[in-house]
Amino acid sequence: MRCPNCNTELEPGSLFCRICGREVQMVPDYDPLDDLVIGGHVPKTTGQNTEKVPNQEKKEEAPFKESKWQFRGVHKGFLMLCGILLCFLIFLASYFSIIRDNSYSYQLRKGMSLTEKESYEEALPYLKHARELQQNTGDSDIRPLRYLARAYAGIGAGEMAEDCMKSAIRLEDSVRGDGIVLEELYLEMMEILNKTGRTFEIENVIKDCPHEGLRMELSPYRVEKPTCSVPEGTYDRAMSLELYAEYGDIYYTLDGTDPTAESTHYEKAIRISAEETLLTAVAINEKGMISEKLVLVYKLKP
């Protein structure tokens with residue numbers, strides 16, 4: 001430290017100058033760093049990047065936000081496209097469903113296919129609808145009636161199957177009169193009557209046929225329910241029964257089971273000696289047609 005009056009170097013801790021005798025005031029040396037430390041000011045450095053980090057983040061954040069909105073726009077557009085496509089597909093499905101429901105050829109093909117697969121219950125609605133559409137157009141195709149008969153026969157509805165076959169025969173006879181087709185229809189009707197146990201109708205079908213040649217072709221299909229010489233009832237003693245059938249051979253059982261071509265073939269009178277006997281008999285012709293069953297119960301008094 002120096003004397004402020006004569007600039008003489010003073011010893012540390014001196015209160016007066018040894019040269020001029022002036023009193024020395026104790027003033028601390030000035031250090032500009034103190035101002036910097038106390039005031040908290042930091043001088044700007046030349047060439048130093050003074051931009052704040054938040055500004056950088058904001059500038060970097062802008063492209064991210066922009067890409068996010070672009071992604072949302074693309075996603076929304078994709079969803080709209082999917083919605084439009086879905087509506088279009090629903091429209092197409094509804095359109096083709098209406099077309100199929102009103103298409104005679106589709107309903108017939110579907111019904112025929114199901115009938116051939118023996119899915120008779122499923123086939124019936126298609127065949128019925130095909131028949132309705134056919135009647136509206138006045139078409140003379142016999143296939144709906146023919147396949148309806150097969151489907152009804154498949155579920156055991158013999159009378160309805162017979163009616164359909166009769167309608168098919170009348171339609172073919174009135175529109176085309178093709179002898180070969182008519183013969184096929186009559187033979188198919190014989191099979192259906194046999195399958196549904198309605199062979200008792202064969203005689204009437206043959207009688208109602210307007211073509212003499214066809215009646216001759218159908219005559220071997222005739223079969224009748226057997227008859228018995230003794231009526232059923234209760235009797236005092238054992239007896240013998242005789243069976244008769246104009247067409248075909250007779251087969252019978254005595255235990256209540258349904259007779260077939262494998263059952264006992266009737267060749268002579270049947271002896272009844274048990275306390276109770278259930279006789280069941282049928283006639284089977286050369287075409288394999290099975291007659292209506294004859295069922296009789298006989299009882300003998302003890």
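Here are some questions and answers about this predicted model.

Q: How do you know how confident the predictor is in the chain as a whole?
A: pLDDT runs from 0 to 100, and the mean for the chain is 83. Of its residues, 78% reach 70 or more.

Q: Which elements of the chain have the lowest and the highest mean pLDDT?
A: Helix α1 (residues 32-39) sits at the bottom with 51, while strand β5 (residues 249-253) is at the top with 97. There's also a stretch, residues 40-53, where pLDDT stays under 50. For that stretch the model has 2 contacts beyond four places in sequence.

Q: How do you know that the span of helix α5 agrees with what it should be?
A: Helix α5 covers residues 143-154, which is 12 residues. At 1.5 Å a residue it should span 16 Å, and its end C-alpha atoms are 16 Å apart, so the two agree.

Q: What about α4: what should its 18 residues span?
A: At 1.5 Å a residue, 26 Å. The end C-alpha atoms of α4 are 25 Å apart, which agrees.

Q: What follows each of these two helices?
A: A glycine with a positive phi, in both cases: glycine 138 follows α4, with phi near 75°, and glycine 156 comes just after α5, with phi of about 85°.

Q: Why is α5 called largely enclosed?
A: Because 9 of its 12 residues are buried, the rest of the structure largely encloses it. Among the buried ones are Leu145, Arg146, Tyr147, Leu148 and Tyr152.

Q: What do the buried residues of α5 pack against?
A: Four other helices: α3 (104-116), α4 (120-137), α6 (158-175) and α7 (179-195). As for α4, its own buried residues include Tyr120, Leu124, Leu127 and Leu133.

Q: What makes a group of residues a nonpolar core here?
A: They have to be buried residues of the nonpolar kinds listed for a core, joined through side-chain atoms within 4.5 Å. The largest such core has 40 residues. Leu127, Tyr152, Tyr186, Met190 and Ile202 have the most contacts inside it. Two or more residues come from each of α3, α4, α5, α6, α7, α8 (202-208) and α9 (212-218). A second, separate core has 16 residues, including Val230, Ile250, Leu279 and Tyr298. In soluble globular proteins, nonpolar side chains tend to be buried together.

Q: Which residues is methionine 190 in contact with, leaving aside its neighbours within four places in sequence?
A: Ile202, Val205, Leu218, Tyr221 and Met289.

Q: Why is the pairing of arginine 146 and glutamate 184 called a salt bridge?
A: The cut-off is 4 Å from side-chain nitrogen to carboxyl oxygen. Their side chains meet at 3.7 Å, N to O, so the pair passes the 4 Å test. The pair links distant parts of the chain, with arginine 146 in helix α5 and glutamate 184 in helix α7, 38 residues apart.

Q: How do you know whether arginine 150 and glutamate 188 make a salt bridge too?
A: Use the distance again: it is 2.6 Å, N to O, so this pair is also within the 4 Å limit. Arginine 150 is in helix α5 and glutamate 188 in helix α7, again 38 residues apart. Arg146, Arg150, Glu184 and Glu188 are linked in a network of salt bridges, and the total count of salt bridges comes to 10.

Q: Which residues of that network are buried, and which are partly exposed?
A: Buried means under 20% relative accessible area. Arginine 146, at 15%, is therefore buried, and so is glutamate 188, at 10%. Arginine 150 has 28%, so it's partly exposed, and glutamate 184, at 40%, is partly exposed as well.

Q: Why is glutamate 162 called buried?
A: Its relative accessibility is 2%, so it falls under the 20% cut-off. Glutamate 162 lies in helix α6.

Q: What makes the pair of glutamate 162 and arginine 198 a polar contact?
A: The limit is 3.5 Å, and their side chains come to 2.9 Å. Arginine 198 also meets glutamate 201 in a salt bridge, at 3.8 Å, N to O. Arginine 198 counts as buried at 16%, and glutamate 201 is buried at 16% too. Glutamate 162 is in contact with Met189, Leu193, Arg198 and Glu201, leaving aside its neighbours within four places in sequence.

Definitions and conventions
Residues are numbered from 1 along each chain as its sequence is written. This is a predicted model: local features need pLDDT of at least 70, side-chain atom pairs count only at pLDDT 80 or more; totals for chains, interfaces and linings use all residues. Side-chain values use heavy atoms; hydrogens and water are left out. The expected span of a helix is 1.5 Å times one less than its number of residues. Buried means under 20% relative accessible area, exposed over 50%, partly exposed in between (1.4 Å probe, protein chains only). Contact means heavy atoms within 4.5 Å. A polar contact is a pair of N or O atoms within 3.5 Å; within protein, one must be able to donate a hydrogen and the other to accept it, and residues adjacent in sequence count only if both atoms are side-chain atoms.
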